[in-house]
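Got your viewer open? Let's walk through this one a selection at a time.

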Amino acid sequence: AVIVISGCTLGRGEEKLGKALMKGYLYNIKHVKPLPRCIIFLNDGVRLTTEGSEVLEDRNDLAEKGVEILSSITCLEYYGLKGKLATGVTASMREITERMQKGENTLIL
């Protein structure tokens, strides 16, 4: 599966709850089989892959298990975070589009 994360929260509603849900999701995903092939971070979601992120340890664990972690270079640049990427690699929209198209299951959160 390919998972696309486009924000720092999961679901809609209270921000504090959404952040807690995202943190729980990213912690638990590494314990569920099969692991996703790729996790793509877009828009505000790129903050989850940069220095200071509360979920950085979970992202590193997934990368160590072979999950490809991609962050949109356009989004990192937009938020001024390009030099603060702490896990995974940057990807262009073309690369992101290709990964999304090739995924047999693409989940967008």
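## First stop: a salt bridge across the chain

Select arginine 99 and glutamate 68: the two form a salt bridge, with their closest N and O atoms 2.8 Å apart. Remember while you look that this is a predicted model. The pair ties together distant parts of the chain, since arginine 99 belongs to helix 4 (residues 93-102) and glutamate 68 to strand 3, 31 residues apart. Are these two buried or exposed? Arginine 99 has 23% relative accessibility, so it counts as partly exposed. Glutamate 68 comes out at 27%, so it is partly exposed too.

Stay on helix 4 for a moment and pick arginine 94 and glutamate 98. Their side chains meet in a salt bridge, at 3.4 Å from N to O. The two are 4 residues apart in helix 4, which means about one helical turn lies between them. Arginine 94 counts as exposed at 63% relative accessibility, while glutamate 98, at 33%, counts as partly exposed.

## Next: along strand 3

Now select residues 68-72, which make up strand 3. How many of its 5 residues are buried? The count is 4, so this strand is mostly covered.

Add residues 38-41 to the selection: that's strand 2, running parallel to strand 3 and joined to it by 4 bridges. For a spot to zoom in on, isoleucine 39 stands opposite isoleucine 69 in strand 3. Then bring in residues 56-64, helix 2; together with strand 2 and strand 3 this helix makes a right-handed β-α-β unit.

Now go to the other neighbour, strand 4, at residues 89-91. Strand 3 and strand 4 run parallel and are joined by 3 bridges. Serine 72 is the residue to click here, standing opposite alanine 91 in strand 4. Helix 3 (residues 73-78) completes another right-handed β-α-β unit with strand 3 and strand 4.

While you're on strand 3, select serine 71. Serine 71 is buried, with a relative accessible area of 0%. What does it touch? Leaving out residues up to four places away in sequence, its contacts are Phe41, Val46, Thr49, Leu76, Leu85, Val89, Thr90 and Ala91.

## Zoom out: the whole sheet

Switch to a cartoon view and show the strands together. There are 5 of them in an open sheet, ordered 4-3-2-1-5, and the pairing is parallel. Strand 4 and strand 5 (106-108) are the edge strands, each with a single partner, so one side of each has no neighbour in the sheet. Neighbouring strands are turned by 25 degrees against each other on average, ignoring direction.

To see the strand 5 edge, select residues 2-5, strand 1, which runs parallel to strand 5 and is joined to it by 3 bridges. Within that pairing, leucine 107 in strand 5 is the bridge partner of isoleucine 3.

## Now a buried lysine

How many salt bridges turn up in a search of the whole structure? The answer is 6. For one of them, pick aspartate 61 and lysine 30, whose closest N and O atoms are 2.6 Å apart. This pair also links distant parts of the chain: aspartate 61 is in helix 2 and lysine 30 is in the loop between helix 1 (15-28) and strand 2, 31 residues apart. Lysine 30 is worth a surface view, as it is buried with a relative accessible area of 6%.

## Last stops: two loop residues

Select serine 53, in the loop between strand 2 and helix 2. At 14% relative accessibility, serine 53 counts as buried. Its side chain reaches the backbone nitrogen of valine 55 at 3.2 Å. Not counting residues up to four places away in sequence, serine 53 touches Arg47 and Leu48.

Finish on threonine 87, in the loop between helix 3 and strand 4. Threonine 87 has 4% relative accessibility and counts as buried. Which side chain makes a polar contact with the threonine 87 side chain? That's asparagine 60, at 2.9 Å. Set a C-alpha distance to alanine 63 as well: the two residues are 24 apart in sequence and 7.8 Å apart in space. With residues up to four places away in sequence left out, threonine 87 touches Thr49, Leu56, Arg59, Asn60, Ala63 and Ile69.

Key. Residues numbered from 1 in each chain as written. Predicted model: local features only at pLDDT ≥ 70, side-chain atom pairs only at ≥ 80, totals over all residues. Heavy atoms only, no water. Buried < 20%, exposed > 50% of the residue type's maximum accessible area, 1.4 Å probe, protein only. Pairing = 2+ DSSP bridges. Right-handed = clockwise from strand over helix to strand, strands pointing away. Axes fitted to C-alpha atoms, helices over the stretch in contact; angles between N-to-C directions. Contact = heavy atoms within 4.5 Å. Polar contact = N/O pair within 3.5 Å; in protein donor to acceptor, adjacent residues only side chain to side chain. Salt bridge = Lys/Arg side-chain N within 4 Å of Asp/Glu carboxyl O.
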